[in-house]
There are 4 protein chains.
Amino acid sequence: MDIQNLLDDIVGAVQPHVGQGNVADYIPQLGAVDPHQFGISIATRDGDVYSSGDAHVPFSIQSISKVFALALVLAFDGDGIWKRVFREPSGNPFNSLIQLESEDGIPRNPFINAGAIVVSDRLLSVTGSAALAVRDLMRRETGNSTVAADHYVAASELRNSHRNASLAHFLASCGNLENPVEAVLESYVEQCALAMTCEDLALATRFLAANGVGADGTRLLSPAQTKRINAVMLTCGTYDAAGEFAYRVGLPGKSGVGGGIVAVVPNKCAISVWSPGLGRSGNSVAGVAALDEFTTRTGWSVF
Amino acid sequence: MDIQNLLDDIVGAVQPHVGQGNVADYIPQLGAVDPHQFGISIATRDGDVYSSGDAHVPFSIQSISKVFALALVLAFDGDGIWKRVFREPSGNPFNSLIQLESEDGIPRNPFINAGAIVVSDRLLSVTGSAALAVRDLMRRETGNSTVAADHYVAASELRNSHRNASLAHFLASCGNLENPVEAVLESYVEQCALAMTCEDLALATRFLAANGVGADGTRLLSPAQTKRINAVMLTCGTYDAAGEFAYRVGLPGKSGVGGGIVAVVPNKCAISVWSPGLGRSGNSVAGVAALDEFTTRTGWSVF
Amino acid sequence: MDIQNLLDDIVGAVQPHVGQGNVADYIPQLGAVDPHQFGISIATRDGDVYSSGDAHVPFSIQSISKVFALALVLAFDGDGIWKRVFREPSGNPFNSLIQLESEDGIPRNPFINAGAIVVSDRLLSVTGSAALAVRDLMRRETGNSTVAADHYVAASELRNSHRNASLAHFLASCGNLENPVEAVLESYVEQCALAMTCEDLALATRFLAANGVGADGTRLLSPAQTKRINAVMLTCGTYDAAGEFAYRVGLPGKSGVGGGIVAVVPNKCAISVWSPGLGRSGNSVAGVAALDEFTTRTGWSVF
Amino acid sequence: MDIQNLLDDIVGAVQPHVGQGNVADYIPQLGAVDPHQFGISIATRDGDVYSSGDAHVPFSIQSISKVFALALVLAFDGDGIWKRVFREPSGNPFNSLIQLESEDGIPRNPFINAGAIVVSDRLLSVTGSAALAVRDLMRRETGNSTVAADHYVAASELRNSHRNASLAHFLASCGNLENPVEAVLESYVEQCALAMTCEDLALATRFLAANGVGADGTRLLSPAQTKRINAVMLTCGTYDAAGEFAYRVGLPGKSGVGGGIVAVVPNKCAISVWSPGLGRSGNSVAGVAALDEFTTRTGWSVF
């Protein structure tokens, strides 16, 4: 298969979707992004990288960071986190308090905001800084030492974080936070504010397509842990549209409101797409269309 | 009717219930209160006061303060508050987030915590200090210039206020707070931390049995506003047991986790009872029994 | 007070509201009613009756029948029914399954549909026919032997009763029905299909303003049972607007989708109003306005 | 790989789990099954079959039938069904009404009861009998013309179907049933009452591991439709434990309260396990353990 041709074809095929949907605008930094951009990159298990479109434009990875925070907690701290967060799909919006209350402060999974806050809290306890730990993982896997958080985004996010503060205080009221609410929230928004390109993200995600082995050949996660992250991504990675994503794309994937999505073809490659326009469920419209196109053309769905 | 005899009889009749239930223990100051206490006071519309039992022991009025904060907002600011809080019973625990989320940040009524926080927020905007405004109303109506907040209770409450902070941040995320979350929470816990006796509370509540006219003969509320507060007390004043309270007692009433309850016999008198042991719904066991006894003996139910 | 003048005045005052709202149209018989009608009647404790407007036009009493079915179960069977139905406001629409499921098949109160179905089920067990028992009570209290169910309404209702069938089967699945689902539903819709005039309804409701004593001077309910029905009406009688109704009208009341409302001034009189146009909560727009006018003019609110 | 050895090993390895959990006992026919049984079968894409343990004992397939009803509706009727049922995980028990009500009668997915009732309703419209259509598919794929419903189970199920009747009437009230409630329920319980062995079920499921091609080489479903059923199984196939199942087993699977589970290794084989003891989520304890063992030993997880 000529992957470069494939990516170029996909860039052409998704053009009608680029610009569709709405750019996230709850903070000005996200709202100002030009929606008419689309990028795609693939990092193969063997170490090759292919890119097309706007694959070298940095964007805010937002919720995609949740995958890496979870990987680090599993790597540094083992399976204890599963006592503080479930692994089930939620059937509710990503920032809902309803299920959290009816289940006594144990979030449904690590990819809804409440669950990701618990994971960041643990990462903060274990490493001293969730945001720096995630950033350093990104730098190591990409070989790009300029990967960094956009502090304007983080500061703006923090000023607009009442909903996350509500979740965090609720978790604290249930005894499910180890650190002060303010420290956890700061660490969490900083981690979400990392700015990366499609190519960066494909490289950073590659270890999930490589049984847990990182770019330098050392093992980050056991094969079992790797599979488990992929399983959680497939069932819970795309907000309240995980079933639809599994149905259309058929790959483990994680999206962010910045318009990025990473997906994993186990044992083959990691894919990253980006286009800022979001559909009703908060996933990039052109991004999902591109991944649909990808699995249709390659047959590389897990099903 | 010989009211003094009646109160003395009630003190005797409820003895089997005194000490039943559980004292609130989420902060140490409440948990340390001796449960074997019971007091009752009546302040008539005409200005007489009767007391029996431990009616001169100060206790933490807690949620009872919500009635007075609401009265002040209506007095100073008119009916605008009803755009920010509904008047319907909630069918859910007093500190629940579920209904709040499903109704987009408009609390069901001013006596669940979320609604009371909105009322305190408005009172803060209008007066500069919700807690001092409520305290001054209490002093004026009782003629007791020593009524004050217990600052140990308030400080302890503030350290244990994650659940209220969660509610307040949620309200803020929906645009339903005017002041910073921290300022509102401080004002709110201070108002709840007022320490008062049964006799104080009966006197302070008397204007609700007097068509809105205060102790010095000046009008605090219009007759219509007064009736409306009584209506909200009857349908929403005793947590998730308002139906049961209406059924057993048949009077507008408001309870607090300190074990106090105030009730109103329209055009006749205000009653205050106190006993620290709480039943499952958070209302004083002996207090409800005493009010039940009171309406059974006097026939002064509104029904 | 000249009650006849008062009623005539109210008929004039509410004219701007007559025709407002929407006539219930889930069955054709209700949908065909002319919305430009309004009637009001008062039956005093002493036996006098006053009427104005369209007070002699029969209409479908629908949910108003729930009050009388409850009265009969309490009269014939005592307090056992309260093990099968709660007395708390619901905070949810009248035909909701949500709270029923989360509370294991015990309806929140006897005036939401699920609770009324449980009451009719018990009345069916005790009397052999809930519908005939309610009808006979109506005939006895009104002295009008022509009171009867509209069988076209009942048949039409039964054909459109999937939502009630859903509730009834749910109750059965929780072990909270004694009779077959079909028999209970038939009895229930028949009871709701009674056609009565405002004057009939005011007379039939009078015993709730007379401490439980019926038209012929015999006792139907104890004073305590009577007060309790009034308490349930005030907290739960007007669908999800009970708080609003208590606030505006300040009387125990029960509404139906036929546009009727009955209300009780304890120890004074029963009032009945009717106008087919319903507001968003399912209560007659002009009917609520008329009762608001009535309590404002007379001061006969319970608060 | 020596599959026969593998299956024999798994039978030995899971013995500690056989008999664990609780046998479904809501109908006597299920409650009477001996829990100390375990069977496993594999049908490869190439046509080979391997079995071990109690793989030739018929059991009640129950909810496993939902996969085949869905396959037939897609085969006969195309994608129209997705207008009447979503494809998202539910986050609620399999027979919950709550989400159904809050989403206006569109079930979350075709594998919760409400969704399966909608699918059976459509299959009834298209074929004249959902139960016979599923039975005939089973006979054709297994080559076993004795596959049939256990009519005692079906009759008993129908007598105990108040919860499903509640769901069906609710769907009807929302306009989401085409046939009379009674006809749909009969068809649905009949389809669930099919009695089959592990070996039968592995053979019947094989087309989902063969891109949609049936036992006789004719195409039942398109490759895309096949993948989509597998995706729905992975995200929604094991009641409220789909995330856990994806995490532990990592294969599309569908369980039933009879203790059976089918799973699919895309392009390789179908697996069927059976042991009557159910865990808290309603999935066979020994069955899930056996599939976990299977994917651990073979590495044939999709992740």
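These are my notebook entries on a few things I looked up in this predicted model.

**Entry 1: helix 5 of chain D**

I started with helix 5 of chain D, which runs over residues 113-127 and has 15 residues. From its first C-alpha to its last I get 20 Å, close to the 21 Å expected at 1.5 Å a residue.

Next I asked how many of the 15 residues of this helix are buried. Eleven are, so helix 5 of chain D is largely enclosed by the rest of the structure. I wrote down the buried ones: N113(D), A114(D), G115(D), A116(D), I117(D), V118(D), V119(D), S120(D), D121(D), L123(D) and L124(D).

What do they pack against? I found five partners, and they belong to chain D as well: helix 3 (65-77), helix 4 (98-102), helix 6 (130-142), helix 8 (162-173) and helix 9 (181-192).

I also checked what follows helix 5 of chain D, and there I met G128(D), with a positive phi near 90 degrees.

**Entry 2: a listed binding site in chain A**

I turned to the UniProt record, an unreviewed entry. Under "binding site" it lists S63(A), N113(A), E157(A), N164(A), Y188(A), Y239(A) and V257(A). I followed up two of them.

Where does S63(A) sit? I found S63(A) in the loop between strand 3 (59-60) and helix 3 (65-77) of chain A. Its relative accessibility is 8%, and because buried means under 20%, S63(A) counts as buried. Leaving out residues up to four places away in sequence, I see S63(A) touching Y239(A), K254(A), S255(A) and G256(A). Y239(A) is itself on the UniProt list.

N113(A) belongs to helix 5 of chain A, residues 113-127. Buried or exposed? With a relative accessible area of 6%, N113(A) is buried.

**Entry 3: how chains meet and match**

I looked at the contact between chain A and chain B, which takes 13 residues from each of the two. About 1300 Å² is buried between them, and carbon and sulfur atoms give 64% of that. On the chain A side, E101(A), H162(A) and H169(A) supply 39% of the area that chain A buries against chain B, more than any other three residues. I looked for salt bridges between chain A and chain B too, and the count is zero.

Last, I laid chain C on chain B. A turn of 180 degrees with a shift of 0.0 Å along the axis does it, at an RMSD of 0.0 Å. That is the relation of a two-fold axis. The same surface serves both copies, as 97% of the contact residues of chain C recur in chain B.

Notes. Residues numbered from 1 in each chain as written. Chains lettered and ligands numbered in written order. Predicted model: local features only at pLDDT ≥ 70, side-chain atom pairs only at ≥ 80, totals over all residues. Heavy atoms only, no water. Helix = DSSP H or I, 4+ residues; strand = E, 2+ residues; numbered from the N terminus. Expected span 1.5 Å × (residues − 1). Buried < 20%, exposed > 50% of the residue type's maximum accessible area, 1.4 Å probe, protein only. Contact = heavy atoms within 4.5 Å. UniProt positions renumbered as here; feature names shortened; annotations may be inferred. Least-squares fit on C-alpha atoms with pLDDT ≥ 70 in both. Buried area = accessible area lost by both parts, 1.4 Å probe. Salt bridge = Lys/Arg side-chain N within 4 Å of Asp/Glu carboxyl O.
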